[in-house]
Amino acid sequence: MVFINQLQLNYTHDMEKAMRGSHGVGYALYSQKHEVRMKVEKKRQEDYIKSKQMVADFERKIHS
């Protein structure tokens, strides 16, 4: 058997808990399934954009 898409990841129990809590999957599945990685990374990107927007809105309110 050849695993082309599998990532070699080092992770802690706390990281596993956070991944399951945030995305509903563990690192084992994340490392094995490209589709799962893409879904997780898309959500992370969306969350990042939202947080940047919130910071910008907050800063604009402070300085007005």
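**Salt bridges along helix α3**

Asp-57 and Arg-60 lie 3 residues apart in helix α3, which means that about one helical turn separates them. In this predicted model, their side chains meet in a salt bridge, with an N to O distance of 2.4 Å. The two partners fall into separate accessibility classes. Asp-57 is partly exposed, at 33% relative accessibility. Arg-60 has a relative accessible area of 53% and is therefore exposed, since the exposed class begins over 50%.

The structure holds 4 salt bridges in total. Another one joins Arg-44 and Glu-41, whose side chains meet at 2.8 Å, N to O. Helix α3 spans residues 34-62, and these two residues sit 3 positions apart in it, so about one helical turn lies between them. Arg-44 is partly exposed, at 32% relative accessibility. Glu-41 is also partly exposed, with a relative accessible area of 30%.

Lys-43 and Asp-47 form a further salt bridge through their side chains, at 3.1 Å from N to O. Here the spacing in helix α3 is 4 residues, and the separation is again about one helical turn. Lys-43 has a relative accessible area of 35%, so this residue counts as partly exposed. Asp-47 is partly exposed as well, at 33% relative accessibility.

Side chains of opposite charge can pair when their charged atoms come close. In helix α3, the pairing of Asp-57 with Arg-60 spans about one helical turn. The pairing of Arg-44 with Glu-41 does so too, as does that of Lys-43 with Asp-47.

Technical notes. Residues are numbered from 1 along each chain as its sequence is written. This is a predicted model: local features need pLDDT of at least 70, side-chain atom pairs count only at pLDDT 80 or more; totals for chains, interfaces and linings use all residues. Side-chain values use heavy atoms; hydrogens and water are left out. Buried means under 20% relative accessible area, exposed over 50%, partly exposed in between (1.4 Å probe, protein chains only).
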